[in-house]
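Student: I would like to learn how to read a protein model feature by feature. Could we walk through one together?

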Amino acid sequence: MTTAAGQSIELPGPRRSPAPFLVSGTVCGRSVAKAVHSPADVLEEILHWCDRDPNATGNWQVSSDYSEPITLIARLKAGLARETRRIVHLFRLLPGVPLGHTLTARCGEALPIADTEWLAVGTGMPCESCLGLAARDYVVSRAGYARRP
Ligand SMILES: [Zn+2]
């Protein structure tokens with residue numbers, strides 16, 4: 001946009017947050033890395049690499065320069081377990097820590113990322129153990145909730 005004085009200004013618009021996840025590996029003997037927005041994108045990228053090179057390798061992490069841990073919410077995909085086992089777990093991922101083909105929830109449950117359904121907050125039956133452990137991250141005071149330092 002241009003002002004009446006002819007100066008160019010930037011209007012605020014929809015901005016997409018920076019991609020917090022970094023997937024890296026080796027494809028056809030060359031090192032590759034890509035920033036992506038979700039664990040589903042991580043899996044898609046690694047599968048794409050494996051299509052190009054059956055010997056491709058890949059791993060992922062929350063980018064080491066990301067400002068704080070990320071909590072993901074997930075459960076097993078439908079059809080892989082009885083519905084009573086498809087409770088929703090919390091996964092706390094620390095920046096810069098390499099991750100593999102499984103993620104371990106706060107409660108200790110391990111889910112393969114290929115078999116995981118990623119969810120939004122408030123979806124599904126929560127895992128009480130995960131919720132209890134996550135609650136320890138917060139301090140309650142008269143001012144409200146605050147993340148424990
Ligand atoms: Zn859990």
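**Reading the model together**

Tutor: Let us start with a single residue, Thr-104, which is found in strand S6 (residues 102-104). Keep in mind that this is a predicted model.

Student: With which residues is Thr-104 in contact, leaving aside its neighbours within four places in sequence?

Tutor: Thr-104 is in contact with Phe-91, Glu-109 and Ala-110 once those neighbours are left aside. You can also look at C-alpha distances: Thr-104 and His-89 are 15 residues apart along the chain, and their C-alpha atoms are separated by 9.2 Å.

Student: His-89 makes me curious about the metal. Which protein atoms are the donors of the zinc ion?

Tutor: For any metal site, begin with the donor atoms, then turn to the geometry. Here the zinc ion has the protein donors His-89 (ND1), Cys-107 (SG), Cys-127 (SG) and Cys-130 (SG), at 2.1 to 2.4 Å. Along the chain these donors follow the spacing H-x17-C-x19-C-x2-C. Two of the donor residues, Cys-127 and Cys-130, are buried.

Student: Why is the arrangement around the zinc ion tetrahedral?

Tutor: Look at the angles. Four donors count as tetrahedral if all angles lie between 85 and 135 degrees. The four donor atoms around this zinc ion subtend angles of 98 to 120°, so the arrangement is tetrahedral.

Student: Let us step back to the fold. How many helices and strands does the protein chain have?

Tutor: There are two helices and 10 strands in the protein chain. Their order along the sequence is β-β-α-β-β-β-β-β-β-α-β-β.

Student: And what can I say about the chain as a whole?

Tutor: Burial, contacts and surface each give a view. Of the 149 residues in the protein chain, 28% count as buried. Among contacts with a separation of 6 or more, 51% come from residues 24 or more positions apart. The accessible surface of the chain comes to about 10,100 Å², and carbon and sulfur atoms account for 53% of it.

Student: Now a helix, please. How do I read one?

Tutor: The general idea is that an α-helix has 3.6 residues a turn, so residues three or four places apart point the same way. Our case is helix H1 (residues 39-52), with 14 residues. From its first C-alpha to its last, H1 reaches 20 Å, close to the 20 Å expected at 1.5 Å a residue.

Student: Which residues in H1 are buried?

Tutor: In H1, the buried residues are Pro-39, Val-42, Glu-45, Ile-46 and Trp-49. Seen down the axis of H1, the buried residues fall within an arc of 115°, so they line one face of the helix. Glu-44 and Asp-51, on the other side of H1, are exposed.

Student: What covers the buried residues of H1?

Tutor: The cover includes strand S1 (21-27), strand S2 (30-36), strand S3 (57-62), strand S4 (70-76) and strand S8 (116-118).

Student: Let us look inside one of those strands. Is Leu-72 in strand S4 buried or exposed?

Tutor: The cut-off for buried is under 20% relative accessible area. Leu-72 has 11% relative accessibility, so Leu-72 counts as buried. Not counting residues up to four places away in sequence, Leu-72 touches Phe-21, Pro-39, His-89, Leu-90, Phe-91, Leu-93, Leu-103 and Trp-118. Notice that Pro-39 is one of the buried residues of H1, and His-89 is one of the zinc donors.

Student: What about Ile-73?

Tutor: Ile-73 also lies in strand S4, and Ile-73 counts as buried at 15% relative accessibility. Beyond its neighbours within four places in sequence, its contacts include His-89, Trp-118 and Val-121. The C-alpha atoms of Ile-73 and Val-121 are separated by 7.0 Å, although the two residues are 48 apart along the chain.

Student: Can we compare a strand residue with a loop residue?

Tutor: Take Gln-61 and Ser-64. Gln-61 has its place in strand S3 and is buried, with a relative accessible area of 16%. Ser-64 is in the loop between S3 and S4 and is exposed, with a relative accessible area of 58%. Gly-96 is among the contacts of Gln-61, and Ser-64 touches Pro-95 and Gly-96.

Student: One last feature: where does Cys-28 lie, and what is its phi?

Tutor: Cys-28 lies in the loop between S1 and S2. Its phi is near 55°, a positive value in a residue other than glycine.

Conventions: Residues numbered from 1 in each chain as written. Predicted model: local features only at pLDDT ≥ 70, side-chain atom pairs only at ≥ 80, totals over all residues. Heavy atoms only, no water. Donors = N, O, S within 2.8 Å, 3.2 Å for Na, K, Ca; no water. Tetrahedral: all angles 85-135°; square planar, octahedral: opposite > 155°, others 65-115°. Buried < 20%, exposed > 50% of the residue type's maximum accessible area, 1.4 Å probe, protein only. Helix = DSSP H or I, 4+ residues; strand = E, 2+ residues; numbered from the N terminus. Contact = heavy atoms within 4.5 Å. Areas by Shrake-Rupley, 256 points an atom, 1.4 Å probe, with all protein chains shown as cover. Expected span 1.5 Å × (residues − 1). Arc of directions from axis to C-beta.
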